[in-house]
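This report describes a protein chain from its atomic coordinates. The sequence and the structure are shown first.

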Amino acid sequence: MRATGWMDGIRRSSQRARVHHYFAWSLYSFALAEVVLTVALLGRATGDSVWWVVVLLCAALLAHIVLGVLLTRAGLRHYVGGLDRPDRLLVAFCAVTGVIGALTAVGVPAGALPDEGLAVATYVAIYFSGPVMLVLPFGRACALAAAPVPVCAAILFVNGAQAAQQAVVLGTVTGAIALFALTYRASGWTLRVVHRLDEARETEARLAVAEERLRFGRDLHDVLGRNLSVIALKSELAAQLLTRDTAAASGQMAEVQRIARDSQREIRDVVRGYRQADLHTELVGARGVLQAAGIVCAIEELEESSRIGDFGDDAPGSAGPLPAPVQSALGWVVREGTTNVLRHAAAGRCTVRLHRTAEGEAVLEMENDGVPADGPESGGGPEAGGGAEPADGGGGTGLAGLRERVVALGGSLSAGRAGGDTFRLVARVPVRAAE
């Protein structure tokens, strides 16, 4: 159950977190080879072997495996996240590597270790180069990663290996060290790029929100600034005329009342325009946002429709493009559905279908996968979404508010599972009733 919950947690995590887990666990898996070599060493140890040398080498190998995984983890955090360099882990890792090399160099020729000890030393030298590349600057890391090569040469020489054999083994070890070093360094660099891109996307989103707030504040200032200045001026004038000319003061206050009503109407127009949802814009925006989140988004239009949000005259029951109220309602459905997919589902795909039925209904379907088996049936939950802030035309921005918008036009909204981990949101709006 814990393993299943852990996997579900990874599946529901962000794209950046999943990429990080993938690379990290890929690098951790290299330590498994040392486990295999340790087991092989124990299995081939004979009665003639000096038992304490075998035990000491196996203990050193287990410590090397643990330190390698911990150093890889800390190295990724240092290289990608800019955390403090794990100097103590690095020193311990180097010391254990040196102990393994010394035990192998002495134990194999003395008969205290089986021949597998040479393979252990070779792989330890190769694996050593990986975590080091995540901790130190490139030049120093390359120098330290190459340090085990002369140790391997000394071990081969002590064991009486032929010159040709030494050249082949050392060439293979050198190439493998370079490959490991490149793999670890490239993985860390890729993760750092992914993190920076994700941070840049978050910054871009925050800037977009800030820009929209500035635009809305600028519109409000343009609408209300002049009118409020006139209201203040005329109110002051009316106060001065009140003691001298009551009729003139009354006229000024009537003018103040008219300007206030005009301002009220203008502010409603600004808010209504700010909250107006255009279907075509929402569809294009939804596709861009979902694809940026790593979700494959497809927008499908059936034959009856000629353009997103603009049906042709030859569609069944069509009298031209969709009315503005219908486009606005369906645009809000797309916006809320997209928000729920991003917030509440670990989706890999999302499909939006738009068509007009023979009965004259505009139908919009949003279907996505990734709904948890034990989660609410919403692809985000029926009540997921943003509360109930009043909006022009009724309802809030959650699915309950969407239902109110659609029902106000004589339509219907349904949301629920469509089988397996698939969720479907369907909005139907009669076009003629809206017209």
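The sections below treat the confidence of the model, the overall fold, the paired strands, the salt bridges and a surface patch.

## Confidence of the model

The structure is a predicted model. Across the protein chain the mean pLDDT is 77, and 78% of the residues reach 70 or more. Residues 303-319 have pLDDT below 50, and this stretch has 42 contacts in the model beyond near neighbours in sequence. Residues 376-397 likewise have pLDDT below 50, with 61 contacts beyond near neighbours in sequence. Where pLDDT is low, the predicted coordinates should not be read in detail.

## Overall composition

The protein chain contains 14 helices and 5 strands. Of its 435 residues, 40% are buried. Among contacts with a separation of 6 or more, 68% are between residues 24 or more positions apart.

The exposed surface of the protein chain amounts to about 22,700 Å², and carbon and sulfur atoms supply 61% of that area.

## Strand pairing

Strand S2 (residues 349-356) is joined to strand S3 (residues 361-368) by 7 bridges, and S2 and S3 run antiparallel. Within this pairing, Cys-350 has Asn-368 in S3 as its bridge partner. S2 and S3 form a hairpin with 4 residues between the strands, where Gly-360 takes a positive phi near 85°. Strand S3 is mostly covered, as 7 of its 8 residues are buried.

S3 also pairs with S5, in the antiparallel sense and over 8 bridges. In this second pairing, Glu-365 stands opposite Val-426 in S5. Strand S5 (residues 423-430) is in turn joined to strand S4 (residues 412-417) by 6 bridges, and these two strands run antiparallel. Val-426 in S5 also stands opposite Ser-414, so that residue appears in the pairings with Glu-365 and with Ser-414. The hairpin of S4 and S5 has 5 residues between its strands, and Gly-419 in the turn has a positive phi of about 110°.

## Salt bridges

Side chains of opposite charge can pair when their charged atoms come close. In this model the count comes to 10 salt bridges.

The side chains of Arg-353 and Glu-300 meet in one of them, at 3.3 Å from N to O. Arg-353 lies in strand S2 and Glu-300 in strand S1 (residues 296-301), so this pair ties together parts that are 53 residues apart in sequence. Arg-353 counts as partly exposed because its relative accessibility is 22%. Glu-300 is also partly exposed, with a relative accessible area of 33%. Both residues belong to a network of salt bridges that links Glu-300, Arg-349, Arg-353, Glu-365, Glu-367 and Arg-424.

Which part of the chain holds both Arg-258 and Asp-262? Both lie in helix H10 (residues 246-275), 4 residues apart, which is about one turn of the helix. Their side chains meet in a salt bridge at 2.9 Å, N to O. Arg-258 is partly exposed, with a relative accessible area of 41%, and Asp-262 is partly exposed at 25%. A further salt bridge joins the side chains of Arg-85 and Asp-87, at 2.7 Å from N to O. Arg-85 counts as partly exposed at 32% relative accessibility, and Asp-87 counts as partly exposed at 35%.

## A nonpolar surface patch

Which residues form a nonpolar patch on the surface? Leu-32, Val-35 and Val-39 do so, and together they have about 270 Å² of accessible area. Val-35 is located in helix H3 (residues 32-44). Val-35 counts as partly exposed because its relative accessibility is 35%.

Note on methods: Residues are numbered from 1 along each chain as its sequence is written. This is a predicted model: local features need pLDDT of at least 70, side-chain atom pairs count only at pLDDT 80 or more; totals for chains, interfaces and linings use all residues. Side-chain values use heavy atoms; hydrogens and water are left out. Buried means under 20% relative accessible area, exposed over 50%, partly exposed in between (1.4 Å probe, protein chains only). Contact means heavy atoms within 4.5 Å. Accessible areas come from the Shrake-Rupley method with a 1.4 Å probe; for residues, only the protein chains shown count as cover. Patches are made of residues with over 30% relative accessible area and no salt bridge: like charges are joined within 9 Å, nonpolar side chains (Val, Leu, Ile, Met, Phe, Trp, Tyr) within 5 Å. A salt bridge is a side-chain nitrogen of Lys or Arg within 4 Å of a carboxyl oxygen of Asp or Glu. pLDDT is the predictor's confidence in each residue, from 0 to 100. Two strands pair if DSSP finds at least two bridges between them.
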